[in-house]
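This report describes a ligand site and the cysteines of one structure. The sequence and the model come first.

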Amino acid sequence: MMEIQDRVAEAASRSGRSPADVQLVAVTKTVERDMVEAAYAAGLRHFGENRVQDMRRKFEEPIGPESVVHLIGHLQTNKARDAVRYCDIIESVDRISLVDALQHRCELENRSLDVLLQVNIAGEEQKHGCSPDDIEELLDHALKQPALNVTGLMTIAPLVDDADATRPVFRGLRELRDRLQADYPNAQLTQLSMGMTNDYWIAIEEGATMIRLGRAIFEG
Ligand SMILES: *Cc1c(COP(=O)(O)O)cnc(C)c1O
């Protein structure tokens, strides 16, 4: 944890920001509830899960005050109900049908929900995420949903040996966000969720406001 904090602080200062501008999300997909509780006791408050079933199992009973649960994996439309019930932020909204399902479920649950739009910046075939070509249409639609607060964008960089090779992906997400923000001045696209164990310091240098770390926290 100390090493992570040091690297976050150094990378934040290289991008002219404070470490407080970078939210650490502990990705708990490989660990069980006891480790989540240990992470909470160590001071972590944001937790990320890939799958709705795992999220429900580990987080249906709240972990503690101020805990924030992020869904970061691909979400099937038929799981929208549980997603809306058991998490606070969905980072993986990547298509119009999912926006509609989430809006509908939020209405039924009488709640609002923070969402990030996931963009497939690298254009990898097997990856989920909206194509940059379609993001404007998706954003336009999402901004019209009264129960959804679109707070920014998320991407997953390709897994490569040289972390620096991911830099154009992170820069691309930031530039896309800047362009969308200019086109939609009433939107509040403040969040950039990008960077994982392999490359989080690069992502911070390029403007990440959320980093999603699994192995660095739980295998470190
Ligand atoms: C697993 C996962 C992470 C964390 O990956 P690590 O390499 O363990 O840090 C982050 N984001 C998503 C979407 C993931 O699936």
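A polar contact is a pair of N or O atoms within 3.5 Å; within protein, one must be able to donate a hydrogen and the other to accept it, and residues adjacent in sequence count only if both atoms are side-chain atoms. The model is predicted, so local features need pLDDT of at least 70 and side-chain atom pairs count only at pLDDT 80 or more, while totals for chains, interfaces and linings use all residues. Residues are numbered from 1 along each chain as its sequence is written, and side-chain values use heavy atoms, with hydrogens and water left out.

**The ligand site**

Three polar contacts to the ligand are listed here, with their distances.

| Protein atom | Ligand atom | Distance |
|---|---|---|
| Asn50, polar side-chain atom | oxygen | 2.9 Å |
| Arg212, polar side-chain atom | nitrogen | 2.9 Å |
| Gly214, backbone N or O atom | oxygen | 2.9 Å |

Taken alone, the ligand exposes 390 Å², and the protein buries 90% of that (Shrake-Rupley method, 1.4 Å probe). The residues around the ligand, those with a heavy atom within 4 Å of it, are Val27, Lys29, Asn50, Ile72, Ile156, Met196, Thr197, Arg212, Leu213, Gly214 and Arg215. By class, this shell has five nonpolar, three polar and three charged residues; Gly counts as polar, and Lys and Arg as charged.

**The cysteines**

A disulfide is a covalent bond between the sulfur atoms of two cysteines. With a cut-off of 2.5 Å between the sulfur atoms, the search of the whole structure finds zero disulfides. For Cys87, the nearest cysteine sulfur is that of Cys106, 9.1 Å away. Cys87 is buried (under 20% relative accessible area, 1.4 Å probe, protein chains only), at 2%. Cys130 is in no disulfide either, and its nearest cysteine sulfur, that of Cys87, is 19 Å away. Cys130 also counts as buried, at 6% relative accessibility.

Terms used: Buried means under 20% relative accessible area, exposed over 50%, partly exposed in between (1.4 Å probe, protein chains only).
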